[in-house]
Structures are given as C-alpha cells and as structure tokens.
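Reader: I am new to reading structures. Please pick one part and take me through it closely, step by step.

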Amino acid sequence: MSDHEAHCDELVADCRLRAAIDLFAHTWDPVVLAALRSRPHRRRELRVAIGGISDKVLTETLHRLLANGLVDRRAYAAAPPRVDYSLTDLGESLVDGPMQAFGRWILEHGDELLDAQERAAPRTQPTPG
C-alpha cells in the first residue's frame, strides 16, 4: 500500500481525492475554468462568456479558484483599474487533463446517463378528477 493509500484509509475526510472532487461540487467552478482555457479574461468578459452567472456567484467562484491555486489574479496599475484572471499551471493541468477526459466521457455516455435518470425519476400519477 502506498503512503497516499494509507493516508486515505486513515483520514478519509482529508483524502486528496475528496479535495479534488470538491472542485466539481460547485456548479460554476468547472464552467469558469473552461472559460479561462483560451486566454485571460476580465470579470466582465467572463460574465459575458459564461452567461447566466450572477456577479456575486462569479466573485465567490473566483475566490474559491484563487484559494485552490487554479486561477491567478493580475491587477494592472492603469486608469481605469484593470484586473485579469487566468489559469495557473495547476489550473491548466486540471482543464487539459481530467476535465477534458470527463468531457469525452460525457460525449460518449451522456445519453445513457440521461436515460438512466429518466427511468429512475418518479412517475407522476394523474390526479383523479
């Protein structure tokens, strides 16, 4: 058993796998990472590129991604002030590795997943009237 496996068996809640999976527990984290894949963006550009994300949620997401070392924030001394967000090397490795593999899996198995969810959904009974 490797040191990593021993650590996960001992402290499952602190396992590195859980820490990595937590990155996908927040709906907008992978979306923001994907939006930053092509190039650095300013906040306004991110909101436009993503669509449907509130300013508050974008702020929370960027803070979380910054704290996890996946995104870098670069402020420029300019008038008006300018801040760009970009992927770090760690963020790029996540986007180009596991996220890309997950995307391939979804393309291959997404219909099966949706079919299974539909079969498992509770059937609504018509109300007698």
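Author: Start with a definition. A salt bridge is a side-chain nitrogen of Lys or Arg within 4 Å of a carboxyl oxygen of Asp or Glu. Side chains of opposite charge can pair when their charged atoms come close. Keep in mind that this model is predicted.

Now take helix α3, which covers residues 28–35, and the loop that follows between α3 and α4.

Begin in the loop. The side chains of R37 and D96 meet in a salt bridge, with N and O 3.1 Å apart. That value is within 4 Å, so the pair counts. R37 sits in the loop between α3 and α4, while D96 belongs to helix α6, so the bridge ties together parts 59 residues apart in sequence. How accessible are the two partners? R37 is partly exposed, at 45% relative accessible area. D96 also counts as partly exposed, at 39%.

Next, step back into α3 itself. Here D29 pairs with R64 in a salt bridge, at 3.0 Å from N to O. R64 lies in helix α5, residues 55–67, and D29 in α3, so these are distant parts of the chain, 35 residues apart. Is D29 buried or exposed? D29 is buried, with a relative accessible area of 1%. The cut-off for buried is under 20%, so D29 qualifies. R64 has a relative accessible area of 24% and is partly exposed.

Charge is one side of α3. Packing is another. Helix α3 packs against helix α6, residues 89–120. Their axes are 10 Å apart and meet at an angle of about 120°. The two helices are therefore oblique to each other. The crossing of α3 past α6 is left-handed. Which residues make the contact? From α3 come P30, L33 and A34. From α6 come L94, V95 and M99. The contact residues comprise 6 nonpolar, no polar and no charged.

Follow the chain on to helix α4, residues 43–50. R43 of α4 forms a salt bridge with D55 of helix α5, so this pair joins parts 12 residues apart in sequence. The closest N and O atoms are 2.4 Å apart. R43 is partly exposed at 24%, and D55 is partly exposed at 37%.

These three pairs are among the salt bridges of the whole structure, where a search finds 6.

Notes: Residues numbered from 1 in each chain as written. Predicted model: local features only at pLDDT ≥ 70, side-chain atom pairs only at ≥ 80, totals over all residues. Heavy atoms only, no water. Axes fitted to C-alpha atoms, helices over the stretch in contact; angles between N-to-C directions. Helix = DSSP H or I, 4+ residues; strand = E, 2+ residues; numbered from the N terminus. Parallel < 35°, antiparallel > 145°, perpendicular 65-115°, else oblique. Left-handed = near helix turned anticlockwise from the far one by under 90°. Contact = heavy atoms within 4.5 Å. Nonpolar A, V, L, I, M, F, W, Y, C, P; charged D, E, K, R; others polar. Buried < 20%, exposed > 50% of the residue type's maximum accessible area, 1.4 Å probe, protein only.
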